[in-house]
Amino acid sequence: MKRKKRSVVEYVLFLLPMCTLFIIISLVPFLEGIRLSFRDWNGVSSTSNFVGLQNYITIFKDKDFGRACLFSLKFVICSVILVNVIGLALALAVNSKLKTKNVLRTVFFLPQLIGGLVVGYIWKFIFSNVFPKMAESLHLSFLDVGWFTSPAYAFIALLIVFVWQYSGYLMIIYVAALQNVPKELIESSKIDGTDNFQRLRMIILPLIRNSVTICIFLSISTAFKMYDLNVSLTGGAPFNSTVSATFYIYREAFKGNRFSYAAAEGILFALALGVVTLLQMKLTSQKEE
């Protein structure tokens, strides 16, 4: 009995630092945001007025915020598909018998270690200066298209950089899953005459479905919360066509001094993200069963 109590105390002590940080950094600000969303505060004044649901009512009339949410949704759909497909492809490549597979794992994972702001500024220089010179010297006209003067190309630029940065992280998760696939099954399938696509569809994917669920969840939440890359790479240009929901909330709070309104937008955005991720987890868990 004493031993059981001791183990419970040890668990609590291990969890206490992380729970404390979570409460201070995440839970308290979220609750304060809920309180602030029912008031009218500009971020400077020492007083604020209670306005009830007025901020939430205004949000549903805000067409600019609606466009920002639609942009985020479109970005999430495209990026989640691409980053998971490429992450799995990289995992399959580095999990093969290549002699350089350890080096390749490091190279593919390195972009994840660079901050989003730094990545954005680096790629902005590449899109604006390196690609045009490459297009001129190598006669590759598709590289010199005015990446930040067209909404479509600016969207593609964001996708390229996001997938480049994040696919290596998902690759590590997929590699760990692939290493747990029994080699006997793979060898048996080769003897039976299956090709690579059939092995992937009928053997590998069903056995790594748990990891697929995790990777889809992580990529959805990360793509929805994308902010730093949006700020440094496009800044919402051209003509505010690449303003994501998180970037719009930031601008309303810190540039428009509408902190209460931005708090209400943040609460609705958090609730929407929670609903989307819960639906995704439910659907993928049903497929696992």
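## Exercises on core, surface and charge pairs

Trp-123 touches Phe-131, Ile-160, Val-161, Trp-164 and Leu-233 when residues up to four places away in sequence are not counted, a contact being heavy atoms within 4.5 Å. The model is a predicted one, in which local features need pLDDT of at least 70 and side-chain atom pairs count only at pLDDT 80 or more, while totals for chains, interfaces and linings use all residues. Residues are numbered from 1 along each chain as its sequence is written, and side-chain values use heavy atoms, with hydrogens and water left out.

**Exercise 1.** Find which residues have the most contacts inside the largest nonpolar core, and which helix gives the largest share of this core.

*Solution.* Start from the definition: a nonpolar core is a set of buried Ala, Val, Leu, Ile, Met, Phe, Trp, Tyr and Cys residues joined through side-chain atoms within 4.5 Å, where buried means under 20% relative accessible area, exposed over 50%, and partly exposed in between (1.4 Å probe, protein chains only). The largest such core has 65 residues, and those with the most contacts inside it are Phe-75, Trp-123, Phe-127, Ile-208 and Leu-233. Helix H6 (residues 151-178) supplies the largest share of this core, 15 residues; helices here are DSSP runs (H or I, at least four residues), numbered from the N terminus.

**Exercise 2.** Decide whether Ser-72 is buried or exposed, and name its contacts beyond four places in sequence.

*Solution.* Locate Ser-72 in helix H3 (residues 63-94). Its relative accessibility is 3%, so Ser-72 counts as buried. Apart from neighbours within four places in sequence, Ser-72 is in contact with Phe-224, Ser-244 and Ala-245.

**Exercise 3.** Determine how many salt bridges the structure holds, and describe the accessibility of the partners in the one between Arg-258 and Glu-252.

*Solution.* Apply the criterion, a side-chain nitrogen of Lys or Arg within 4 Å of a carboxyl oxygen of Asp or Glu, which gives three salt bridges. Arg-258 pairs with Glu-252, their closest N and O atoms being 2.9 Å apart; Arg-258 is partly exposed at 36% relative accessibility, whereas Glu-252, at 12%, is buried. Arg-67 and Asp-64 also meet in a salt bridge (2.2 Å, N to O), and because these two residues lie three residues apart in helix H3, about one helical turn separates Arg-67 from Asp-64. In helix H1, Arg-35 and Glu-32 are likewise three residues apart, about one turn of the helix, and their closest N and O atoms are 2.6 Å apart in the salt bridge.
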